Amino acid sequence: MKKQVICSTVFPLLCILLLFLSVEAQTCSPSGKIKGKTPPPGQCNQENDSDCCKDGKWYTTYKCSPPVSSQTKATLTLNSFEPDGDGGAQSECDNQYHSDDDPVVALSTGWYNNGKRCLNYINIRGNGRSVRAKVVDECDSTMGCDSDHDYQPPCPNNIVDASKAVWKALGVPESDWGGMDIYWSDTD
């Protein structure tokens with residue numbers, strides 16, 4: 001009660017500032033930008049409608065992702081983890097390719113957490129359904145537009161990049177695959 005009186009009468013601006021800082025500490029701000037360059041011919045795989053970097057366009061990078069909770073809001077995107085798929089190289093977690101028929105995902109850099117979620121499962125909820133998927137890769141939010149990243153832009157900081165199996169398990173019509181709001185959480 002005493003704190004409330006102090007905030008409302010004595011230091012209202014200080015209290016507003018502290019509230020703003022506590023909220024700001026829980027967000028994820030951009031860490032920089034990279035300048036896109038046109039990929040060499042045939043070097044950007046556009047399977048699953050993947051974007052290729054554009055010459056001169058600036059792309060935002062992140063070293064963090066929004067805080068993880070029991071219902072972390074994210075954007076589900078479509079990725080192929082197979083050889084010659086739009087995912088590029090083998091998965092970071094196990095140096096393997098994975099079948100698009102297996103429920104596997106790549107997480108944005110902050111959620112990937114330096115590999116701490118590697119080969120662990122997450123729950124994904126969307127379209128009125130739920131699916132359990134294995135984390136096998138990072139969707140790099142810090143770099144892109146180079147051969148290591150298949151000349152694709154950096155991932156936004158709120159991406160769960162999922163195989164076709166995840167989209168199927170969520171019952172999303174194939175014509176709607178590509179981008180969808182979902183919630184995810186670590187499994188128990």
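In which loop is the place of Asn113? In this predicted model, Asn113 sits in the loop that runs between α3 (109-112) and β5 (121-126). The backbone here deserves a second look: Asn113 is not a glycine, yet its phi is positive, at about 60 degrees. With a relative accessible area of 31%, Asn113 is partly exposed, because that value falls between the 20% limit for buried residues and the 50% limit for exposed ones.

A positive phi also turns up at Cys145, again a residue other than glycine, with a value near 60 degrees. Cys145 belongs to the loop between β6 (129-139) and β7 (159-162). Its relative accessible area is 2%, so Cys145 is buried. Thus Asn113 is a partly exposed loop residue with positive phi, while Cys145 is a buried one.

Attention now turns to a histidine. His98 is located in the loop that links β3 (72-78) with β4 (104-108). Although His98 is a loop residue, its relative accessibility is 13%, and it therefore counts as buried; the cut-off applied is under 20%. What does the side chain of His98 make a polar contact with? The partner is the side chain of Asp94, at 2.9 Å.

Beyond the neighbours within four places in sequence, His98 is in contact with five named residues: Phe81, Glu82, Ser91, Val104 and Val136. Among them, Val104 falls within β4 (104-108), and Val136 falls within β6 (129-139). The buried His98 thus combines a side-chain polar contact to Asp94 with contacts to residues such as Phe81 and Glu82.

Note on methods:
Residues are numbered from 1 along each chain as its sequence is written. This is a predicted model: local features need pLDDT of at least 70, side-chain atom pairs count only at pLDDT 80 or more; totals for chains, interfaces and linings use all residues. Side-chain values use heavy atoms; hydrogens and water are left out. Helices (H or I, at least four residues) and strands (E, at least two) are DSSP runs, numbered from the N terminus. Buried means under 20% relative accessible area, exposed over 50%, partly exposed in between (1.4 Å probe, protein chains only). A polar contact is a pair of N or O atoms within 3.5 Å; within protein, one must be able to donate a hydrogen and the other to accept it, and residues adjacent in sequence count only if both atoms are side-chain atoms. Contact means heavy atoms within 4.5 Å.
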